[in-house]
Amino acid sequence: MERRSALLLGAAAALAACAPKPPPAPLGSDGRPLPKVYHINPGDESAISYRMLDAVNALRQSKGAPEVAFNAELIAACAAHSRDMAVQNRPWHFGSDGSSPLVRVQRVGFTGKLLGELISETYQTELVTLSDWMAQADTRAMLLDQRATQIGFSWFQEPSGKLWWTMLLAA
């Protein structure tokens, strides 16, 4: 019986060795594997939003900054700007009508103090995007700003999978 098990195990290992190997991941110009497209499915919106909020608050807590909470007006301004960046096909802080982040938050009725806007064009997850923002001194300072108490966060995903992320921080 032991010999039969050993033969079966050996045959299974030999078959596995003959199985075709998946092709290697395509590499970018930096020699690193290209990111996989992060498709957001209907119904994932709440989980993604709260995953980002929890991650931002964990980072803020580690630096002694107070937690931030979602603000519906800021979320609306983020959603509009993410879609507008996709229409313009460029990540930048000005709307197709020339609007600034300050003008956009005023349009949705926000009356607090805007501290800053973070944007990204990527195929990667919200947490990879947050990591990228934390890797840069200016965007990290904005995320950890002690004055921030409110946050807006939204995105627009193109059919190709490209994501346009926008985050607003305010007091």
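Which strands does helix α3 (residues 72-88) lie across? Select α3 in this predicted model. Helix α3 crosses over β1, β2, β3 and β4 (163-170). Against β3, helix α3 runs at about 30°.

**The sheet**

Now hide the helices and show the strands. You have an open sheet of four strands. Read across it in the order β1-β3-β4-β2. The pairing is mixed. Colour β1 (69-70) and β2 (114-122): these are the edge strands, and each pairs on one side only.

Zoom in on β1 and strand β3 (residues 150-157). These two pair in the parallel sense, over two bridges. Pick Phe70 next; opposite stands Ile151 in β3.

**Helix α5 on the sheet**

Bring back α5 (residues 126-134). Helix α5 lies across β2, β3 and β4. Its direction makes an angle of about 120° with β2.

**α2 against α5**

Add helix α2 (residues 45-62), which packs with α5. A helix pair like this is described by two values: the angle between the axes and the distance between them. Here the angle is about 30° and the axes are 10 Å apart. Angles under 35 degrees count as roughly parallel, so α2 and α5 are roughly parallel to each other. Their crossing is right-handed.

Show the side chains at this contact. From α2, select Ile48, Arg51, Met52, Ala55, Val56 and Leu59. From α5, select Glu126, Leu127, Leu130, Trp133 and Met134. Colour the selection by residue class: nine are nonpolar, two are charged and none is polar.

Terms used:
Residues are numbered from 1 along each chain as its sequence is written. This is a predicted model: local features need pLDDT of at least 70, side-chain atom pairs count only at pLDDT 80 or more; totals for chains, interfaces and linings use all residues. Side-chain values use heavy atoms; hydrogens and water are left out. Axes are lines fitted to C-alpha atoms, for helices over the stretch in contact, and angles run from 0 to 180 degrees between N-to-C directions. Angles under 35 degrees count as roughly parallel, over 145 as roughly antiparallel, 65 to 115 as roughly perpendicular and the rest as oblique. A crossing is left-handed if the near helix is turned anticlockwise from the far one by less than a right angle, and right-handed if clockwise. Contact means heavy atoms within 4.5 Å. Ala, Val, Leu, Ile, Met, Phe, Trp, Tyr, Cys and Pro count as nonpolar, Asp, Glu, Lys and Arg as charged, and the others, Gly among them, as polar. Two strands pair if DSSP finds at least two bridges between them.
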